[in-house]
Amino acid sequence: MAPRLLPLLLVLLALSSARAQEAPACPPATPQPLELPRLAEALREGREPVVVAFGSSSTQGAYASSPDRAYPARLEAALRRMGIPARVLNRGRGGEDALEMRARLEADVVAARPTVVIWQLGVNGAIREQSLARFRTLLRQGVTMMQEAGADVVLMDSQRGPWVAAHAVLRDLFDATLAEVAQERGAQLFSRRRMMDEWAGAGTPDAAVIAPDGLHHNDRGYACLAEALAEAMRAKISLPR
């Protein structure tokens with residue numbers, strides 16, 4: 001080997017090793033295939049799909065070590081790796097509930113002309129003991145607006161963790177409402193709750209995927225959430241050859 005190539009090789013090996021160490025070993029969970037006809041149509045027609053990640057702090061990326069470690073950025077990278085050249089927009093805003101998200105839905109979601117919207121919500125409403133009836137009304141309105149804008153809609157329910165467990169009764173009701181409205185409106189449900197329950201059942205403690213605050217994901221949690229979402233989105237898509 002030429003001496004001048006040795007330093008370059010060492011750098012490449014170091015980068016490869018760092019990436020391997022950085023890549024999370026994600027716990028096993030049952031796949032949740034999503035029906036996304038608008039996404040399939042965009043890919044057939046050669047259009048770049050726009051995915052809007054809409055929600056509160058779990059979407060914004062609270063406690064991620066950098067913005068590119070939040071789940072939306074990780075999701076874009078995972079989808080592209082799987083052959084889906086989507087652009088994922090992070091429209092998360094920490095601390096918001098359904099009413100606050102409904103107020104900015106037109107500007108932050110519909111105006112982006114999304115192909116898919118992943119709407120994460122419910123946890124803040126449960127923690128604050130808000131009206132379930134109001135939550136259901138706002139949820140229905142939001143899903144209808146997104147669908148009328150031409151988007152596939154995916155609702156994402158709550159995470160595990162000490163903060164959520166402390167509000168278990170309301171959390172159950174809010175998560176059940178998400179599932180009911182998804183079925184009623186023909187939207188899709190990605191159950192973060194079910195996935196994380198399976199992670200725990202397979203021996204992964206909450207602290208391995210939840211930040212020290214006991215509520216938000218850490219880098220590994222965001223990365224594994226993104227991987228599971230990407231696999232769910234890819235599952236029923238036939239990519240053009």
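**Cavities, pockets and a helix crossing**

Trainee: How do you know which classes the residues of the lining of the second largest cavity divide into?

Mentor: The lining of the second largest cavity divides into two nonpolar, seven polar and no charged residues. This is a predicted model, and the residues in question are S56, S57, S58, Q120, V123, N124, Q159, L215 and H216. Val and Leu count as nonpolar, so V123 and L215 make up the nonpolar pair. Asp, Glu, Lys and Arg are what count as charged, and the list holds none of them.

Trainee: Which helices each supply at least two residues of that lining?

Mentor: They are α3 (57-60) and α7. S57 and S58 fall within the range of α3. V123 and N124 are in the lining too, and α7 spans 123-127. The space they help to enclose has a volume of about 40 Å³.

Trainee: What makes a space a cavity rather than a pocket?

Mentor: A 1.4 Å probe fits inside a cavity but cannot get out, whereas a pocket is an open set. Three cavities of 30 Å³ or more are present here, and the largest holds about 50 Å³ of space. Its lining has 13 residues, of which D97, A98, G122, N124 and G125 are the closest to the centre.

Trainee: Which element gives the largest share of the lining of the largest cavity?

Mentor: That is α7, with three residues. Helix α5 (98-103) also supplies at least two. By class, the lining of the largest cavity has five nonpolar, six polar and two charged residues.

Trainee: Let's turn to the helices. Why are α4 and α12 called oblique to each other?

Mentor: Helix α4 (residues 71-81) and helix α12 (residues 219-234) pack at about 45 degrees, with their axes 8 Å apart. Angles under 35 degrees count as roughly parallel, and roughly perpendicular runs from 65 to 115. About 45 degrees fits neither range, so the pair is oblique.

Trainee: And which hand does the crossing of α4 and α12 have?

Mentor: The crossing is right-handed.

Trainee: What makes α4 and α12 a pair in contact, and which residues meet?

Mentor: Contact means heavy atoms within 4.5 Å. From α4 come Y71, R74, L75, A78, L79 and R81, and they meet Y222, A223, L225, A226, E227, L229, A230 and M233 of α12. By class, this contact has eleven nonpolar, no polar and three charged residues. The charged ones are R74, R81 and E227, because Arg and Glu belong to that class.

Trainee: Where else does α12 appear, and how many residues does it give to the lining of the largest pocket?

Mentor: About 250 Å³ of space lies in the largest pocket. Closest to its centre, of 17 lining residues, are A29, P31, E227, A228 and E231. Two or more residues come from each of α11 (192-201) and α12, and α12 gives the largest share, five. E227 is also among the residues of α12 that meet α4.

Trainee: How do the residues of the lining of the largest pocket divide by class?

Mentor: There are 13 nonpolar, two polar and two charged residues in that lining. The second largest pocket, with about 180 Å³ of space, has five nonpolar, two polar and five charged residues.

Trainee: What makes five of the residues in the second largest pocket charged?

Mentor: Its lining includes R38, E41, R47, E48 and R113, which count as charged because they are Arg or Glu. Helix α2 (residues 37-44) contributes the largest share of this lining, three residues.

Methods
Residues are numbered from 1 along each chain as its sequence is written. This is a predicted model: local features need pLDDT of at least 70, side-chain atom pairs count only at pLDDT 80 or more; totals for chains, interfaces and linings use all residues. Side-chain values use heavy atoms; hydrogens and water are left out. On a 1 Å grid over the protein atoms alone, a cavity is a set of points where a 1.4 Å probe fits but cannot get out, and a pocket is an open set with protein on both sides within 12 Å along at least five of seven lines; lining residues have an atom within 4 Å of a point. Grid points are joined across faces, edges and corners, and a volume is the space filled by probe spheres set on the points. Helices (H or I, at least four residues) and strands (E, at least two) are DSSP runs, numbered from the N terminus. Axes are lines fitted to C-alpha atoms, for helices over the stretch in contact, and angles run from 0 to 180 degrees between N-to-C directions. Angles under 35 degrees count as roughly parallel, over 145 as roughly antiparallel, 65 to 115 as roughly perpendicular and the rest as oblique. A crossing is left-handed if the near helix is turned anticlockwise from the far one by less than a right angle, and right-handed if clockwise.
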